[in-house]
Structure formats: structure tokens, C-alpha cells
Amino acid sequence: MTIVPVSLGDRSYEVSIEAGAMAQAGMRLAGYAPRGRFVVVTDENVAAAQLPILRASLEAAGLLVEPIILPPGEPTKSWPQLEMLCDRLLGLGIERSDNVIALGGGVIGDLVGFACAILKRGCGFVQVPTTLLAQVDSSVGGKTAINTRAGKNLIGAFHQPSHVLIDPDTLDTLPARQVAAGYAEVAKYGLIDDPAFFDWCEANAAALLAGDPTARTHAIATSIAAKARIVAADERETGGVRALLNLGHTFGHALEAETGFGERLLHGEGVACGMALAFRYSARIGLCPPGDAARVSRHLAMVGLPTTLAAAGVDTTGDALVAHMLHDKKMAGGKLPFLLARGIGQTFLDKNVDLAEVARFLDDERTGTIA
Ligand SMILES: NC(=O)c1ccc[n+]([C@@H]2O[C@H](COP(=O)([O-])OP(=O)(O)OC[C@H]3O[C@@H](n4cnc5c(N)ncnc54)[C@H](O)[C@@H]3O)[C@@H](O)[C@H]2O)c1
Ligand SMILES: O=C(O)C(=O)C[C@@H](O)[C@H](O)[C@H](O)COP(=O)(O)O
Ligand SMILES: [Zn+2]
């Protein structure tokens, strides 16, 4: 088993990574159920693919399971589902000392985490992530949220889990498109500040996506260690360090908004396209070698991820995309700090980006003025 500590003072916790861990979850998680029971929240797909293993393991450990099963997909991160979930949890008599289990991808993790942040002003939760995206990113760090009409993750809270239990074998049942989408957040860590890890990604992405166990464990452990380090340095994204994890997200969230937050463009797909755009924009304004930007797009496209507006299914003006960006939580004093790059592994927060120039860049991308 690999253990990655997340050091946050009295909110510290461990991430445990072990193939086959789901069948041992009862034993591993027993300490997080002070009243001898768990409530598991999951979605319909995960309930079919993974809940039986978790349930059997919890029941064998004598931990009563109350599953709450929600519809799958991004629209579940919504006010109506949040209200329904809070009412169900209150109906089950949830106490602050309880730990709700969030079994699923980032949608379930973000929604359940937020419900637990506000229920009785904060009750515990354990993340049991079952997508690659959730295993390398969303289950760790305590960002929880729902979407609103105005945009992505605009209602939320920082609320850390008590534990994160990762069983890479759960990815065996995850559809290939979802695995590829999660891979965007893996490559992100290399692009942020670890060029050697990006080299590893280029050499091992095919094996990782094909389900090679060694590649999976390496990708998950490296990603989580990077995220834990960044989150420990700047838990609430106030110091300019955690914002690095937003690489590709200002573009990506605008693309998600434009495509309606759903199956047309998955979060990881939006992030992939957003990272390619961030590198190409950085090259256009002379910050980044064009060869690095081309290398990023080539790699992401090679694993089947969209790297152009056309591939993301977006055909709208630069101004319309920039209008979505104005809801970005990084906005400060009417300005939008942007994650740009001086090269692979050299991402930084630029506080002086000209949004009119970004809009012109996006128009040129859309009309094919830029190769
Ligand atoms: N909090 C954070 O730090 C953070 C970080 C990154 C992304 N996110 C959020 O995460 C969300 C995306 O998460 P996601 O990509 O995991 O999507 P998701 O939760 O929608 O899961 C993807 C799909 O796979 C299914 N699924 C999950 N696990 C499965 C399994 N093992 N077998 C079969 N099917 C399975 C789900 O039912 C769903 O249909 C977005 O809302 C994004 O904003 C949050
Ligand atoms: O944990 C973080 O910090 C991240 O930015 C991780 C991102 O991958 C994730 O999508 C996050 O939810 C985006 O944050 P937001 O603050 O832009 O909503
Ligand atoms: Zn993300």
C-alpha cells in the first residue's frame, strides 16, 4: 500500500492507494465510523459497478450501509440534488461525527463534500474515488462545490475529507472516454512544474490508458503527492500557489459552460483543450517556445483528447468565451489572473493578461488563422 500524507494541521489526513482496497474497505475505514455505521452516497453507474464490493466489505465489518444513489453526470452537481441529498442525510439522522462515504467520481465527491460542509455546519466524509480524475485530483484538497446557471463550481466550500481510499482496480469498469478525460489532470501535474513527469507521461500514457497496473499506481501516487504538496502550501488558494492547479481551467470552464456542462464536453476534456490553449496563447505572446506548445497539443491529441475549439465542439466568438471567464473565482479587482507557461513544467500565474487579446486569440483559433 502507498500512503500519501496531506499535511494541513488539525485537518491532516492520509490518502491510501492499493489495488484491491475496495474489498478491504470495511477493515480500513472502520475507525471513521464512530457510531458503527456508514451512509454511502454514489451514482447509478457506480452503484452497479462498484457498490456491491464496498457494501459486502462494510457489512462484513458490521458497518451498516445506507446507500443513497443519485443520477450520474455533471448535472448532479446542482441545487436540486444538493437539497435532496441534505434532506436524505438529515432524514437518516446524520451526526457531525459521522463520515459519509462519497463513492464515485468528481461529481459525487464535490457534491457530497459540499453537503457535508454545510450539514450541521460540518460533518465528516471519506472519499472513495472511482474515476481516474477523482483518484488523481478531485478526492484530495477539500474543494467542494455545485454548479449554477452562472457557471462552474460557483457555490462551494473548502472542506477536507477524513481519509481518501483509492483502489486503482476500480478503473477496470470505467469507460475509456472517462479514463482519457481523467488523464488530462494527470498530465497537468507535469505541465505545472514537473517536466520529468511529463516525459514519463509521454512514454507511459498508452500503458496507463490500457490499464497497466504499474503505470496506474505510479500516475496516481505521483499526482496525489504533487497535489498534496501544493494544497499544503496554500490550502485556500490565497497565496498564488494552489492556483497553479487551475492550469487550463479558465479556458476549460468557459468551454464547459458553452457546451452546457455535460456529456458534450467532459471536465477533463475541457481541461485538456484549455491547457493546449494556455500553451498556445503563451507561445503567441512570446512567453513559451512554440515547440513546447506543439508538444503539449500533440501529446494530449495522441490520447484522444480535444486540443482545439473545433475538437471541443465549440464554435463561438472569443468575446462570448471571455464573458464566461468573468465568473472565474480567480477574478480580483476586475482583473483575471491567468495560468500561463514559459515552457513545459514552467507554469505561472500572470496577473496582467489582456482579455481583449485573449478574445482575439480565441477568434483566430476558431477561424483557423492560427495553425
Ligand atoms: N474538487 C476538485 O478539486 C476537483 C478537481 C477536478 C475535477 N473536479 C470536478 O470533478 C467533476 C468530474 O469528475 P469525473 O470526471 O470523475 O466525472 P463523474 O463523477 O461524472 O464520473 C464520470 C462517469 O463515470 C461513471 N463512473 C465513475 N466511476 C466509475 C467506475 N469505476 N466504473 C464505471 N463507471 C464509473 C460515473 O457514473 C459518471 O458517469 C467535475 O465536476 C469537476 O469540476 C473537482
Ligand atoms: O484543487 C484545485 O485547486 C484545483 O484547481 C483542481 C482542479 O482540477 C478542479 O477542477 C477544481 O475544482 C477547479 O477549481 P475552481 O476553483 O476553478 O472551481
Ligand atoms: Zn479540474
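The following dialogue between a visitor and a guide concerns a predicted model with two domains and bound ligands.

Visitor: What makes up the domain assignment of the protein?

Guide: The assignment gives domain 1 (2–173) and domain 2 (176–367). Their centres, taken over C-alpha atoms, are separated by 26 Å.

Visitor: How many residues of domain 1 are in contact with domain 2?

Guide: A contact requires C-beta atoms within 7 Å. By that criterion, 31 residues of domain 1 are in contact with 33 residues of domain 2. On the domain 1 side, S1, strand S2 (13–17), H6 and strand S8 (151–158) each supply at least two residues. H6 gives the most, with 5 residues. By class, this side of domain 1 has 18 nonpolar, 9 polar and 4 charged residues.

Visitor: Why is ligand 1 said to lie between the domains?

Guide: Domain 1 and domain 2 both give residues to the shell around ligand 1, so ligand 1 lies between them. The shell has 32 residues, of which Asn45, Gly105, Gly106, Thr131 and Ser138 come nearest. Helices that each supply at least two shell residues are H2 (44–49), H5 (106–118), H6 (132–138), H7 (176–193) and H11 (267–284). Sorted by class, the shell has 9 nonpolar, 17 polar and 6 charged residues.

Visitor: Which residues surround ligand 2, and why is ligand 2 placed between the domains?

Guide: The residues around ligand 2 include Asp137, Lys143, Lys152, Glu185, Arg242 and Lys329. Also among them are Gly141, Asn153, Leu245, Asn246 and His249. Its shell has 1 nonpolar, 4 polar and 6 charged residues. Because domain 1 and domain 2 both give residues to this shell, ligand 2 lies between them.

Visitor: What makes S1 and S4 edge strands of the open sheet?

Guide: The open sheet has 7 strands in the order S1-S2-S9-S6-S5-S3-S4, with mixed pairing. Strand S1 (2–6) and strand S4 (64–70) each have a single partner strand, so one side of each is left without a neighbour in the sheet. From one strand to the next, the twist averages 20°.

Visitor: How do you know that S1 and S2 pair?

Guide: Pairing requires at least two bridges between the strands. S1 and S2 have 5 bridges, in the antiparallel sense, and therefore meet the requirement of at least two. Pro5 stands opposite Glu14 in S2. The hairpin of S1 and S2 has 6 residues between the strands, and Gly9 there takes a positive phi near 60°.

Visitor: What makes S2 and S9 a pair, and in which sense do they run?

Guide: S2 and strand S9 (residues 163–166) have 3 bridges, in the parallel sense, and therefore satisfy the requirement of at least two. Val15 stands opposite Val164 in S9. The covered face of S2 presents Tyr13, Val15 and Ile17, whereas Glu14 and Ser16 belong to the uncovered one. In a regular strand the side chains alternate between the two faces of the sheet.

Visitor: How do you know that S3 and S5 pair, and which helix packs on the sheet touching both of them and S6?

Guide: Strand S3 (residues 37–43) and strand S5 (residues 99–104) run parallel and are joined by 3 bridges, and therefore count as a pair under the requirement of at least two. Val41 has Ala102 in S5 as its bridge partner. H5 packs on the sheet, touching S3, S5 and strand S6 (124–129), and its direction makes about 165° with that of S5.

Definitions and conventions
Residues are numbered from 1 along each chain as its sequence is written. Chains are lettered from A and ligands numbered from 1 in the order in which they are written. This is a predicted model: local features need pLDDT of at least 70, side-chain atom pairs count only at pLDDT 80 or more; totals for chains, interfaces and linings use all residues. A residue is near a molecule or strand if its C-beta atom, placed from the backbone, lies within 6 Å of it. Helices (H or I, at least four residues) and strands (E, at least two) are DSSP runs, numbered from the N terminus. Ala, Val, Leu, Ile, Met, Phe, Trp, Tyr, Cys and Pro count as nonpolar, Asp, Glu, Lys and Arg as charged, and the others, Gly among them, as polar. Domain bounds come from an automatic or database domain assignment. Axes are lines fitted to C-alpha atoms, for helices over the stretch in contact, and angles run from 0 to 180 degrees between N-to-C directions. Two residues are in contact if their C-beta atoms, placed from the backbone, lie within 7 Å. A residue is buried if 20 or more other C-beta atoms lie within 10 Å of its own, exposed if 12 or fewer, and partly exposed in between; C-beta atoms are placed from the backbone.
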